[in-house]
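Work through these exercises with the structure open beside you. Try each task before reading its solution.

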Amino acid sequence: MVEFKKLSECIEKKQEIFIDRLRRAVEIPSVSAEAGHRNDVFRMIDWTQKELEKLGATCEQIQNGKQEMPDGTILDLPPVLFATLGQDKSKKTLCIYGHLDVQPAALCDGWDSDPFKLTERDGKLYGRGSTDDKGPVMAWINAIETLQEMKVDIPINIKFVLEGMEESGSVGLDDILIKHKDSFLSDVEFTCISDSYWLGKSKPCLAYGLRGLCYYCVEISVCQQDLHSGVFGGTVHEGMADLCWLMSQLIDAEGTIKIDGIHEQVAPVTAEEIELYKKIDFDIDDYRNDLKAHKLVTDDKVKILMNRWRFPSLSIHGIEGAFAGPGAKTVIPAKVVGKFSLRIVPDMTPKAVDKCVIDYLNKLWAQRKSPNQFKVYPTKGSKPWLADYKNPHYQAGAKAIKTVFGTEPDYICEGGSIPVTLTFQELTQKNVMLLPIGACDDMAHSQNEKINITNYMDGTKVLAVYLMELGNCSS
Ligand code: BES
Ligand code: MN
Ligand code: MN
């Protein structure tokens, strides 16, 4: 096997090239949620295909049909990029998944620099997608490029599945993968995903669990158009008042979910799990300070970690149609759509959760006795995922981390969701591992998203060593 010191030096020497690669990726504003940027998602996929072709990969864009937006407009879905690198029958095949789309971002949201211009400050690379998930995808490319330049024989075949709709629920991806179960996916032995984060800022992790997501829209319509509150206030039943009341009934002041039938679905916590959580390196004060939160719901480490990973949570996200700008607009909105979601854990399923949520909201609406029009609709939910972290695949990941950082990783779960993870596990019937490279304070989805240069570079090393380790892995 290639000597780590040499590999490490080769990677270090290429730092400028690697940062430049990420810069070009971040420059394409591939926001999947915004119709106006859909074309950029297509461009991002084409651009990445060219990068993979330079490595000698055979690429194919799998067409993905159309998407109907809530307002009725029809958009083309970006294709899913399949790439194959190596087809040696004597080698095992690794599948790498990543996403090329990003969350929306604008300078006026409070960024300190243009979100689509990768900007270096204090050893950190700021830009939308820098950590979620363009940085990690580029790190895979960096790792393979380096091994090739060193003329190292990569001991496995590699397949990439890269999509452009992850941040919008991975629309169409499951269907495409199901169709390719017996072709593209048939020889996959392991799947690895680098699309999550370390639990802290210095200790690397491997993750074996994700929560699922169920997302809801509650629509209340009053009349045809917005009304002057001075002229019409006091004469109509206000939709905002109905909606705020409904949404206020979802959780109590402690954040406990009030929807009937939810808690009963959660798998009981075992004594073994509690022991596992106790061992995890996690500083509660650091966590609170990073968030600059006034107070956490509890100061108990195990409880906080379980609230993030092991129990469901409900978040209220926003209200479409409500006045949200600065200043005082005196208007009665004609139609408002409240948005909230639940993160779900084993043994909850989107189907059972949807039923509880819809029944509960209907019950509340009947109590409210409002004459307004009320509709609640779920968007496609995703299931939680759990993997066997005792599988040799995880040991290959752990060895790579040990080689680069000289320390064993923490084995963690994640509170976020990557809808396709379970699909890979179910279709291939093989082990799936999350191998994060970014730090806990990277602020994915938020203002000033970043990846540390050290994380990007060491991450590239970990991924390269992991590819080499897989040669000795008998999962
Ligand atoms: N990279 C995240 C998933 C993630 C978040 C992993 C936090 C670990 C911790 C992914 O890009 C993401 O944002 N997923 C969405 C999925 C949703 C749109 C279905 C999420 O979790 O909100
Ligand atoms: Mn992501
Ligand atoms: Mn994301």
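**Exercise 1. The two domains**

Find how far apart the centres of domain 1 and domain 2 are, and describe what lies between the two domains.

*Solution.*
1. Start with the bounds. In this predicted model, the domain assignment gives domain 1 as 4-210 + 385-472 and domain 2 as 212-266 + 311-382.
2. Take the centres over C-alpha atoms. They are 34 Å apart.
3. List who takes part in the contact. Domain 1 gives seven residues and domain 2 gives six residues.
4. Turn to area. The size of an interface is often given as the accessible area lost when the parts come together. Here domain 1 and domain 2 bury about 440 Å² between them. Carbon and sulfur atoms account for 47% of that area.
5. Ask who supplies the domain 1 side. Leu-210, Ser-417 and Pro-419 provide 53% of the area that domain 1 buries against domain 2, more than any other three residues.
6. Check charges and polar atoms. There are zero salt bridges across the interface of domain 1 and domain 2. One residue pair is in polar contact between the two domains, with both residues at pLDDT 80 or more.

**Exercise 2. A charged residue without a partner**

Locate Asp-101 and decide which side chain of opposite charge is nearest to Asp-101.

*Solution.*
1. Find the place. Asp-101 sits in the loop between strand 5 (92-99) and strand 6 (119-121).
2. Look for an opposite charge. The nearest such side chain is Arg-38, 8.3 Å away.
3. Apply the cut-off. A salt bridge needs the nitrogen within 4 Å of the carboxyl oxygen, so a distance of 8.3 Å does not qualify. Asp-101 is buried yet has no salt bridge.
4. Look for a polar partner instead. The side chains of Asp-101 and Ser-32 make a polar contact of 2.7 Å.
5. Widen the view. Beyond four places in sequence, the contacts of Asp-101 include Ser-30, Asp-132, Glu-163 and Ser-168.

**Exercise 3. Salt bridges around helix 2**

Compare the bridge Arg-24 to Asp-20 with the bridge Glu-51 to Arg-21. Which residues are buried, and which are partly exposed?

*Solution.*
1. Set the scene. The structure holds 34 salt bridges.
2. Take Arg-24 and Asp-20. Their closest N and O atoms are 3.5 Å apart.
3. Place this pair. Arg-24 and Asp-20 are four residues apart in helix 2 (residues 15-26), so about one helical turn separates them. An α-helix has 3.6 residues a turn, so residues three or four places apart point the same way.
4. Check exposure. Arg-24 is partly exposed at 31% relative accessibility. Asp-20 is partly exposed at 31% as well.
5. Now take Glu-51 and Arg-21. Their side chains meet in a salt bridge at 2.9 Å, N to O.
6. Place this pair too. Glu-51 lies in helix 3 (residues 38-54) and Arg-21 in helix 2, so the bridge links distant parts of the chain, 30 residues apart.
7. Check exposure again. Glu-51 is buried, with a relative accessible area of 3%. Arg-21 is buried at 6%.
8. Join the pieces. Arg-24, Asp-20, Glu-51 and Arg-21 are among the residues linked in a network of salt bridges, which also includes Lys-14, Lys-54 and Glu-149.

**Exercise 4. Helix 10 and its surroundings**

Work out which residues of helix 10 are buried, what covers them, and what happens at the start of the helix.

*Solution.*
1. List the buried residues of helix 10 (residues 301-309). They are Val-302, Ile-304, Leu-305, Met-306 and Trp-309.
2. Find the cover. It includes helix 8 (271-279), helix 9 (284-291) and strand 18 (410-414).
3. Go to the start of helix 10. A side-chain oxygen of Asp-300 comes within 3.0 Å of the backbone nitrogen of Val-302.
4. Step back to the loop between helix 9 and helix 10. Thr-298 lies there. Thr-298 is buried, at 17% relative accessible area.
5. Follow its side chain. The side chain of Thr-298 reaches the backbone nitrogen of Asp-300 at 2.9 Å. Thr-298 also contacts Lys-303 and Ile-304.
6. Finish in helix 8. Glu-273 is located there and counts as buried at 19%. Glu-273 touches Met-306, and also Pro-268 and Arg-310.

Conventions:
Residues are numbered from 1 along each chain as its sequence is written. Chains are lettered from A and ligands numbered from 1 in the order in which they are written. This is a predicted model: local features need pLDDT of at least 70, side-chain atom pairs count only at pLDDT 80 or more; totals for chains, interfaces and linings use all residues. Side-chain values use heavy atoms; hydrogens and water are left out. Helices (H or I, at least four residues) and strands (E, at least two) are DSSP runs, numbered from the N terminus. Buried means under 20% relative accessible area, exposed over 50%, partly exposed in between (1.4 Å probe, protein chains only). Lys and Arg count as positive and Asp and Glu as negative; His and the chain ends are not counted. A polar contact is a pair of N or O atoms within 3.5 Å; within protein, one must be able to donate a hydrogen and the other to accept it, and residues adjacent in sequence count only if both atoms are side-chain atoms. Contact means heavy atoms within 4.5 Å. Domain bounds come from an automatic or database domain assignment. Buried area is the accessible area (1.4 Å probe) that two parts lose on being put together, summed over both.
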